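Work through the two exercises below. Each task is followed by a stepwise solution.

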Amino acid sequence: MKEFKHFINGHYVASASGNTFENRTPVDNSLIGLVHEAGKAEVDAAVRAAHAALRGPWGALTQAERTALLNKVADRINQRFDEFLDAECRDTGKPRAMASHIDIPRGAANFKAFAETVANQPTEGFRMDTPDGRGAVNLGHRTPKGVIAVIAPWNLPLLLMTWKVGPALACGNTVVVKPSEETPATTTLLGEVMNECGVPPGVFNVVHGFGPDSAGEFLTQHPLVNAITFTGETRTGEAIMRAASVGLRNISLECGGKNPGIVFADCDLEKAVEGTMRSAFVNCGQVCLATERVYVERSIFPKFLARMKEEVAKLRSGRPEDSDANFGPLVSLEHREKVLSYYRLAVEEGATVEIGGGVPDMGAELNDGAWIEPTIWTGLPDDARVIREEIFGPCCHIRPFDTEAEVIALANDTEYGLAAAIWTENSARAYRVAEQIEAGLVWVNSWFLRDLRTSFGGAKQSGIGREGGIHGLEFYTELKNICVKL
Ligand SMILES: NC(=O)C1=CN([C@@H]2O[C@H](COP(=O)(O)OP(=O)(O)OC[C@H]3O[C@@H](n4cnc5c(N)ncnc54)[C@H](O)[C@@H]3O)[C@@H](O)[C@H]2O)C=CC1
Ligand SMILES: O=C(O)/C=C/C=C(\O)C(=O)O
């Protein structure tokens, strides 16, 4: 039986309590292995190891040495690509074609990109006049923030964990990662890679477990944790913010979304259909950036809806390794129950189910998995819960609109503000609308097109702070002004 242990101070360790929980694949609900659940003792050991490593060999490395090590980590992930791919696809059920395209390459790229960004960051300097005429210089000196707690989600496990670990380590911090209880595998495997590359013990640590009254809460409450970075649900973000308020620790929160897609009549229809299909259904809709509300200019509404239904009908559910399949299961039966509760609610709230709406028959071998049908609704009122709440499944509501002002108001009529996609061939309109959308990210004629140098994060209840490129430096470093009188 496979066991997922904690990775503390360069060693894999079991929980002293002996407590474990099951890890099952959503493909057919079969058992992958047992995960050790950290108690306060393991979390404390991991945080203390991380704290000690700050002043140990890690703190003594030059930026160039750190950059070289992180590049080595990226290369090693690529050398062990298939192991990471197998592990990620077992845990999440996602198609190998997708994970080999997005999850694993980005898992490696996150180390390289941030190592380079930090290494090439200029030091801010201001020369000033002084009454004696000799002047002074001010230098913005950055030091690591310290021990960073990384609370990671299950939807893109390696990608979203390394998105935080990469810049944290590049800035000279040490980390304790708490991966999602649903997806422990690739984070655990990364421990081996760290050892193989010679990353000093204590720099990268992993503790497994759940959130409340478990590893997540113990970690975020630990007084030696200097800052917390989190991706996941908004309500969890609030709990983490409360924990961080004790001791005034810094937070970076990337939370939920209810993202609009806006399709103008002057779009390239096929591009808009292809992009909206991806934005609603890739990763079975389990992407915080996913489009769950689609607004289409009335004159092309029937055509757009018909094309979307044709494309949804072509999606093929199947095992990760099935090369004909492009649509996986949801991450767990529990999450499927949540998404199905919205499928039922949509009908109660008056939706027309244009396609999907249920559970597919996958045959005896797979029917115990977390399979679900991709779904399109129309006809819901703007105040329906299905329109207002994040579902995080393969579904969207499509609604017609008449004017630019109307669609901007509709798009912004949400407590969230993570992302939006605008489809139009009129670039002046695209920019004008994008400027008025209340969100951290707006794509025009694309979706999830990522340049790691750009800022990433949400407005309103979609989060606090920005990561990506140099923006993460504000979170991952302490900025000290050194004023030297000449
Ligand atoms: N990328 C995103 O934006 C994601 C959004 N979600 C949304 O959240 C919903 C619930 O899914 P969950 O996996 O339960 O998300 P979650 O936000 O509860 O979990 C994310 C991570 O936070 C940890 N966590 C939970 N409560 C915590 C606490 N009090 N203190 C410290 N750590 C804590 C979890 O163990 C996990 O590692 C989903 O249905 C979906 O709507 C879920 C995962 C990713
Ligand atoms: O490209 C990225 O860095 C992140 C993408 C997706 C998420 O953040 C998410 O689904 O939570």
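Helices (H or I, at least four residues) and strands (E, at least two) are DSSP runs, numbered from the N terminus. The model is predicted, so local features need pLDDT of at least 70 and side-chain atom pairs count only at pLDDT 80 or more, while totals for chains, interfaces and linings use all residues. Residues are numbered from 1 along each chain as its sequence is written, and side-chain values use heavy atoms, with hydrogens and water left out.

**Exercise 1.** Describe the surroundings of ligand 2.

Step 1. A residue counts as near if one of its heavy atoms lies within 4 Å. Ligand 2 has 14 residues around it, and Arg106, Asn155, Glu254, Cys288 and Arg450 come nearest.

Step 2. Helix H7 (residues 157-170) gives the largest share of this shell, three residues.

Step 3. Look for polar contacts (pairs of N or O atoms within 3.5 Å). Oxygen atoms of ligand 2 lie 2.8 Å from a polar side-chain atom of Arg106 and 2.7 Å from a side-chain N or O atom of Arg450.

Step 4. Domain 1 (2-255 + 462-485) and domain 2 (259-451), with bounds from an automatic or database assignment, both give residues to the shell, so ligand 2 lies between them.

**Exercise 2.** Which residues come nearest to ligand 1, and which polar contacts does ligand 1 make?

Step 1. Of the 27 residues around ligand 1, the nearest are Ala152, Trp154, Lys178, Glu181 and Lys338.

Step 2. Oxygen atoms of ligand 1 lie 2.6 Å from a polar side-chain atom of Trp154, 2.8 Å from a backbone N or O atom of Glu233 and 2.6 Å from a side-chain N or O atom of Lys338.

Step 3. H10 supplies three residues, the largest share of the shell around ligand 1.

Key. Chains are lettered from A and ligands numbered from 1 in the order in which they are written. A polar contact is a pair of N or O atoms within 3.5 Å; within protein, one must be able to donate a hydrogen and the other to accept it, and residues adjacent in sequence count only if both atoms are side-chain atoms.
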